Amino acid sequence: MKKLNLIAAALALLTGSYASAQTDPTPFALSSGDYVFSGFTDEESTEYPASTQGWHFGSEPGSDMTGSAAGDRDLAAQSSGFTSGSIRNEGAAGISFLNSGNNHIGALALAVNSEGAGAVTASFTVEDIREGSTRQNGIVLQYRVGNDGDFTTVEETLYLSDPEGLADEAVFTDIPLPGETANQSLVQLRWLYFYEAGTGARDRIRLDDITVTTAELDPVDVTFRVDMSEFGGTIDASGMHLAGNFPEDTWNPGARPMTDEGDGVWSYTEEGLEPGFALEYKFVLGNDWPFGDENMGGQPCSAPGTTNRSLSVPAENTTLPLVCYNSCNPCGFVAETVSVTFSVDMSLTDLAPEGAGISGSFNDFAFEAMEDQGNGIYTFTTDPEVGSTIEYKFRNGDEFESPPAECSSGPFNNRQLTVTEETVLEPVCYGTCAPCEMPGEMFEITFAVDASQIEVDPEGLFIAGTFNGFSPEPMTDAGDGIYSFTAEAESGTTVLW
C-alpha cells in the first residue's frame, strides 16, 4: 500500500461566466386562453414576460434575417440611458429595441402551443419613439414551427421608422399566420428589429399590446384501415376490430367492429374526435383480446414504451394510409434494416448460471442469450428497421437490470435506442449508464495540522472527512502542537475533510 503525506491543503476558487447561448422560451398553451402582453406594472423589472425571451445577433440584422439568433439579451430597466443599445422595459408602454455598434439587438421571441386549435392570429402595436438622424430601422413579425430552422416573415407586418422624425404608431390587428401553425406543440413568433437604410443614430422602436389567439377546431372523423392479405393466422368469425384509448369505450375491442372491404382490407371510421388528441390504438383479430392483437413495440409508428400505434388526431377529416397488420408500412413493403450490436460489461457482477442476456421490443422482452467476448464483455446483434425505437434491458439470468433514470425512460425504466444507421454500442456496466470502473489502488494518507498557535481543547483535535463518513475521529498528538491522522483512500477518488 502506498503512502501520501499531506502537510498543507489548497482551496480552489470556482468562477462562472455569462452564457450567451440562445434560450428557447417555454411555450404558452393557447388552449388555456389568449396570450396577452400589455406592458409592465413594474418599470424596473428585468424579467421578460412569461414565454418570451430577448435575443441578439452576431451582426446588425436586416429585414431579410431569417436565421437563428446568436444568444440571449437581458432586459434593461426603464431607467437605463435613453441612447444605450438594449431591449428595454418601457413600463405600461411595453418593450423597446435599440441597436448599437456592439450590441446587435435583436428580437423578442414568444413561444406558444396551439395543440387542439386552428391557425394562429397575432395582434400588436409598434411605435417609433426615438428620433435618430438619417438612419431608418424597422420591426417585422416572423414565425417558425419548432425551435430550429429558419424563420418565415409574416406578410403585411412590416413597420419602418421615420429617418427624419418620428413615425406614427401602427396597430396590427388579427394578422393570420399560415395554416402550418395550427395544432402544433411549439410555434415560435419573433418580432425582429432590423436596419433598413441610412447612417447615423438609430431609432428606438417600442412593441406593445401583443395578443395571440387561435380558432377552435371542429371535431373530425378519422378512418382507420388495415390490410390482412399477408396475415397467416386466424381471424375470428366476428371479424377485425379496433381498440384504443378513445374517449368512449376505451380499450374495448368489441365496441368498434371493422368493415370487410374485400381483398383483405378492413376499415372503421371514428366520428367526432378532437384534433390534437393523442390516440393510441391497435387492430384486434376479433371482438375480444383472447383472439389476438398487434404488437407494435419499437416500430416507428408506435407510442413510446407501448405496443400500440400512435396518432395525433389531425385538424380535418382524414382517411389514414392503408397499413399491413403488425406493421407501419403497406403490405409488400421491404423496410430498410441495419445491424445494431448491444454490449454489456458484467465484470463487476456475480454472473447467474444462465449467463448474461438481453430482452427488448425486438423479441417481446424474452430472454436472449448474449455472446461471451471475454473479460466480462457480452454482445448481442440484431437487425431492426431504420427509424424504429428499441426499448431493452440487459439481464443476469432471470434478473432484469434497473438502469438509472439518466439512461432509461418510460414506466419500466427501459433503455432506448432510435435506429438511424449501423451501430455498435460501447459496453456499459450492468445496471449503470457508464463503463465499469475497476477498483483503484489503496493509499494511506496522513493528514497533519499545526495547532501550536491555538488553545487545544482538553479532548484534543479531531478530523472528519469522506474517509470516515464525516464522523469526527481523534488525531494523534505528535508533540510541539502537531497532530496527525492516517486514513485509507482509493486512487482516483476525491477526498474531502
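So, Cys 407: this one is partly exposed, with a relative accessible area of 22%. Before I go on, keep in mind that this is a predicted model. Cys 407 is joined by a disulfide to Cys 433, with 2.1 Å from S to S. The partner, Cys 433, is partly exposed as well, at a relative accessible area of 30%.

What does this pair tie together? Cys 407 sits in the loop between β31 (399–400) and β32 (415–418), while Cys 433 sits in the loop between β34 (428–429) and β35 (442–450), so the link ties together parts that are 26 residues apart in sequence. If you look down the S-S bond, the angle is -80°, and that makes the link of Cys 407 and Cys 433 left-handed.

Okay, on to another pair. Cys 429 and Cys 436 form a disulfide too, with an S to S distance of 2.0 Å. Are these two cysteines buried or exposed? Cys 429 counts as buried, at 8% relative accessibility. Cys 436 is also buried, with a relative accessible area of 16%; the cut-off for buried is under 20%, so 16% still qualifies. The handedness here is right-handed, with 90° about the S-S bond between Cys 429 and Cys 436.

Then there's Cys 324, which is bonded to Cys 331, again with 2.0 Å from S to S. That link is right-handed, at 85° about the S-S bond. Cys 324 itself is buried, with a relative accessible area of 9%.

How many disulfides does the structure hold? Four. I've walked you through three links, namely Cys 407 to Cys 433, Cys 429 to Cys 436 and Cys 324 to Cys 331. For anyone who likes to sketch connectivity on the whiteboard, number the bonded cysteines of the chain in sequence order and you get the pairing 1-3, 2-4, 5-7, 6-8.

Right, let's switch to charges. Side chains of opposite charge can pair when their charged atoms come close. In this model the count comes to 10 salt bridges.

The one I'd like you to click on is built around Arg 206. Its side chain meets that of Glu 127 in a salt bridge, at 2.7 Å from N to O. Where do the two residues sit? Arg 206 is in strand β16 (residues 205–216) and Glu 127 is in strand β10 (residues 117–128), so this pair ties together parts that are 79 residues apart in sequence. Arg 206 is buried, with a relative accessible area of 9%, whereas Glu 127 is partly exposed, at 23%.

Arg 206 has another partner, Glu 169, and that salt bridge comes in at 2.9 Å, N to O. This pair also links distant parts of the chain: Arg 206 is in strand β16, and Glu 169 is in the loop between β13 (159–160) and β14 (170–176), 37 residues apart. Glu 169 is partly exposed, with a relative accessible area of 44%. And with Asp 208 in the mix, salt bridges that share partners join Glu 127, Glu 169, Arg 206 and Asp 208 into one network.

One last pair before we go for coffee. The side chains of Arg 88 and Glu 90 meet in a salt bridge, 2.8 Å from N to O. Is that pair buried or exposed? Both Arg 88 and Glu 90 are buried.

Key. Residues are numbered from 1 along each chain as its sequence is written. This is a predicted model: local features need pLDDT of at least 70, side-chain atom pairs count only at pLDDT 80 or more; totals for chains, interfaces and linings use all residues. Side-chain values use heavy atoms; hydrogens and water are left out. A disulfide is a pair of cysteine sulfur atoms within 2.5 Å. Buried means under 20% relative accessible area, exposed over 50%, partly exposed in between (1.4 Å probe, protein chains only). Helices (H or I, at least four residues) and strands (E, at least two) are DSSP runs, numbered from the N terminus. A salt bridge is a side-chain nitrogen of Lys or Arg within 4 Å of a carboxyl oxygen of Asp or Glu.
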